[in-house]
Amino acid sequence: MKHRFPGIYLFGGILLAAVLAPADTPVLDIDFTAAEGFSDGVVLDGTQGMSTQPTWFAGDAAGTGYAATTSAYSRARNFAGFTLGVDHSVVIETTLRLDDADGIFSDADNFKIGFAEQLVHPGQSTPSIGSTIHTYGDGGYWIGGGDPDSRIGVAAADRGDWIRFVQVITRSSVSNTFTGWVAASNLTDGVDLGIAAANWTESTADGSWGGTMRPSFRSLANAKATALEIDHWVVYTTTNAPPTPPVPTTNAVVVSIDLVHQLYIGGVSAFKRDRVVNWHDIGSYSDYSASEAAMMIDTNKARFGRSVGGLEWIRNQVQTQDPLRPGYINTNSLASWCLARKDGLVNDWPWRKLGYQPLVYTDHTSIHPDDYKAGIFNPTNHEAAAEWATTVWKNYWTDPKRPRYYEPVNEPFVNIPSQQNVVDFHAAVIDRMHQQVPGVKVGGPCMAWPVFSLNDYGHWNDRMGRFIDQVGDRTDFISWHIYSTFYDDGDPEPHSVGANADWQLDLVENYARNETGRDIPIVISEFGGGFKSGTSWWNAYSEERDWYVLKSVMGKTMTLFERPDRVEMAIPFIVGKAAWYPGYETNAYPWVTFRKVGGVWVQTHLPKFFAFWSRVEGDRFPVESSDPDIQVHAFATNNIVNLCLNNIDTFVPAELDLAALLEPGMSVQSATVTRLYWDGSAPVLDVDLPMGAWSNLALAAEEAAVVRLVLNQPPSRDRKLYQKSQYGDQTILAYTGTPRSFTVLADMHCGPILKASLKVGVTRSFGSGVAPLVVFNGTPLPQATDWPGGTQEGVPGGAGGRDQFDGTIRMAVPPQLVQATNTVDVSFASAGGFVSTVILDLSSELPFDPGARIGTGDTTFVMDWDSSPSLHYLVSKATNLTVGIWTEAALLPGTGGPVAFTNEAVEPSAFFKLDALIP
């Protein structure tokens with residue numbers, strides 16, 4: 001996620017080309033020429049204040065002087081010292097190039113340029129603050145920090161070019177912390193290479209960094225004797241305000257749509273609106289006018305999603321205990337009360353057109369034995385609570401209108417002291433509900449605050465891991481909440497968007513598969529943007545606050561749409577009117593759809609999320625972005641293609657080059673675009689703007705868009721692409737300095753692999769380098785340099801920043817490397833942190849619908865398909881899809897023509913699926 005900026009670099013009045021402003025203080029300006037006292041081929045030591053080891057010598061090329069070394073672990077330091085006050089900056093400008101006599105380069109951190117505090121970091125620790133030059137085996141390299149967000153790359157073809165590299169390093173008021181920017185330009189080609197934010201930390205004895213600093217550079221692990229040649233070295237300090245970045249230009253991104261292959265992810269291709277585009281509301285009759293309800297349900301196509309508190313209200317109505325069992329409800333009284341009101345609320349809601357109650361029901365601690373409330377019935381143990389729940393669920397609804405999902409407690413780990421108590425409670429309720437009300441899916445733990453890596457993953461072990469270990473064999477789903485929380489610290493980035501959300505989902509999926517052997521469905525019962533109570537964001541409504549919710553919801557929605565086979569239900573935290581919130585008539589709850597202004601209900605901007613998605617539909621087709629910060633999906637219905645785009649970069653706009661792989665005879669006839677963006681004062685939704693050349697689109701920072709293409713003919717859907725995740729055999733391995741090895745078993749029965757990618761879950765401290773070094777079946781993969789969502793660090797000293805990077809980093813794998821059993825070795829440049837998951841995504845082309853599930857009832861049926869002579873076809877049968885146990889019904893060789901399977905009426909109810917096998 002490198003931030004690119006154009007032209008010449010200006011920082012607070014400092015021109016980054018050695019032109020000093022009045023507030024600047026020169027430290028040194030050396031170009032290593034004979035006029036300055038340097039002699040070609042002679043050691044630099046003693047000239048122009050240089051203190052160097054003998055491997056550093058002066059060179060000359062066509063009258064250009066330079067300092068050079070090919071050695072390892074050798075330093076060059078200048079005695080021209082400087083000091084830095086808080087918020088003062090040092091600018092270090094270095095003109096350099098790389099060369100290697102034998103053309104062989106190492107893949108390593110080879111050089112460092114910066115400064116050290118003389119009394120604390122002398123000798124081999126010089127420099128201790130500054131940027132690294134990391135070379136790759138092909139001669140390309142990057143300059144900057146350990147985090148890819150602070151790096152600038154130089155291509156292998158340009159390694160011999162002169163590069164001007166500038167570091168602007170500002171001393172922070174936070175001890176041992178420096179912030180700033182790095183920038184570079186190719187002087188040989190006259191091309192700007194970009195600019196990136198950076199930060200540095202290094203401890204001193206007193207944490208002050210107030211002593212004398214010495215500029216320096218060093219050769220590190222230079223195993224291949226690569227030559228660093230420094231032509232010009234300029235250092236000066238400034239007392240101007242801390243440097244700020246110039247206005248960014250757009251980032252060039254290629255987005256490619258494949259309209260030849262219909263895409264199935266784990267067997268699911270269709271756009272599933274009611275899996276993600278849901279309203280955290282139950283649509284109570286008294287809450288909305290007919291026009292308000294029509295706007296949300298009919299126009300915006302929002303789906304009712306979740307109720308919190310309804311069961312608690314029922315608990316307060318019936319207080320009769322069983323006289324023979326203290327602490328247990330009198331089930332006859334409770335059942336009678338429920339039967340007398342059966343489906344009453346649903347029948348009162350004329351705009352409920354979905355035919356069932358809100359999809360997810362949950363409550364606060366409610367019936368949990370720890371939630372003691374004086375004067376009302378309190379179950380005294382888990383079995384008593386489970387009995388109460390099953391009595392209500394059996395008697396309060398008829399089957400067609402009964403909610404689909406039940407989370408027994410909302411965010412229990414926050415509200416109940418004992419983590420084991422939470423799990424035991426869920427186990428009792430799940431078991432009893434399965435026996436008494438088998439049509440309802442029961443799960444949990446409805447976890448808030450999923451900072452799984454906290455305390456070296458102790459947080460995971462105590463909560464989500466404990467739940468999966470003890471209840472994962474029988475829970476119907478796993479649920480938790482994903483929020484980006486904003487504080488009053490000026491940090492605008494939603495840090496749980498992108499790689500962090502992927503990391504959460506990957507860990508739950510992988511761990512659950514390894515521990516239970518099951519692919520447990522996922523329910524994200526709340527997600528979006530959050531605010532801490534007591535902050536200015538919480539205390540007062542603003543249109544900007546609405547935007548922070550919208551951008552957070554949108555980024556996570558795009559991530560969740562990547563897992564249609566695993567995420568059964570997800571609910572953006574966008575609520576109705578929240579008239580229960582104290583003071584709602586003057587200060588609305590931060591997530592409302594309608595707020596009261598002068599006694600009148602008016603819309604907030606949050607319904608624009610639902611309006612944005614209201615016309616998206618169809619089957620999924622493959623689409624890729626060259627920049628992981630541009631999230632993409634594509635769906636087509638008839639001859640209409642909906643290309644869904646979202647830029648999660650908070651700062652940098654993008655210029656998209658849209659390309660499409662079309663079937664013969666297919667063309668784009670017209671295009672429009674719908675945009676959702678922040679215009680500087682309010683969120684804006686523009687619908688169906690005409691596009692001229694559809695192949696180009698400018699996308700602002702944090703803007704979402706749907707490009708609607710009208711084709712001259714619909715895609716044929718004759719070719720299918722099937723994508724499925726294959727999970728590593730271990731999770732959450734500490735990295736101590738030696739490679740961690742994972743085994744990934746790949747399903748090779750789905751036809752030839754056309755595409756493969758590896759996802760590695762990473763937990764690393766900031767500044768230590770988060771991109772892993774991966775060897776796949778003995779072949780090193782190119783190290784990742786970018787991933788969605790950035791560094792996750794937050795503003796320096798801010799309350800909302802994270803302690804470390806937690807994210808999934810993806811890298812391409814050549815398909816020919818994939819085997820039935822794969823070995824993945826993961827390492828880093830230094831010890832520390834964890835590898836949480838290793839997951840292999842494979843895509844294969846199939847000649848049939850891999851999502852077919854055929855229910856038979858009690859009749860005979862025949863299914864047939866066009867076969868390939870190079871494949872065999874496995875027909876499998878299951879009688880319970882929830883359990884997910886499939887048995888072989890037939891194995892049929894492909895003929896190159898039609899193949900059929902006939903099932904006789906021997907099962908009262910059965911499901912069948914079809915898989916292709918390589919013989």
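Which residue of β42 is the bridge partner of Arg 675? In this predicted model, the partner is Ala 705. That contact point belongs to the pairing of β42 with strand β39, residues 668-678. The two strands are antiparallel and share 8 bridges.

Strand β42 spans residues 704-711. Strand β37, residues 640-647, also pairs with β42. Here 7 bridges join the two, and the strands again run antiparallel. Two bridge pairs locate this pairing. Ile 640 is matched with Val 710 of β42. Asn 646 is matched with Ala 704 of β42. Burial of β42 is extensive in count: 7 of its 8 residues are buried. A residue is scored as buried when its relative accessible area is under 20%.

These pairings belong to an open sheet of 6 strands. The strand order is β34-β36-β37-β42-β39-β40, and the pairing is antiparallel. The edges are held by β34, residues 619-621, and β40, residues 683-690. Each edge strand has a single partner, so one side of each lacks a neighbour in the sheet. From one strand to the next, the twist averages 20°. In this order, β42 sits between β37 and β39.

A second open sheet has 4 strands and parallel pairing. Its order is β22-β25-β26-β27. At its edges stand β22, residues 306-308, and β27, residues 441-442. Both have a single partner strand, so one side of each is left without a neighbour in the sheet. Strand β22 is joined to β25, residues 360-362, by 3 bridges, and the two run parallel. Within this pairing, Arg 306 has Val 360 of β25 as its bridge partner.

Helix α9 covers residues 454-462. Its buried residues are Tyr 457, His 459 and Trp 460. Viewed down the helix axis, these residues fall within an arc of 130°, so they line one face of α9. In an α-helix there are 3.6 residues a turn, so residues three or four places apart point the same way. The face turned away from the buried side carries two exposed residues, Asn 455 and Asp 456.

The buried residues of α9 pack against both helices and strands. The helices are α10 (464-471) and α11 (499-516). The strands are β28 (444-447), β46 (753-765), β49 (804-813) and β51 (834-846).

How values were computed:
Residues numbered from 1 in each chain as written. Predicted model: local features only at pLDDT ≥ 70, side-chain atom pairs only at ≥ 80, totals over all residues. Heavy atoms only, no water. Buried < 20%, exposed > 50% of the residue type's maximum accessible area, 1.4 Å probe, protein only. Arc of directions from axis to C-beta. Contact = heavy atoms within 4.5 Å. Pairing = 2+ DSSP bridges. Axes fitted to C-alpha atoms, helices over the stretch in contact; angles between N-to-C directions.
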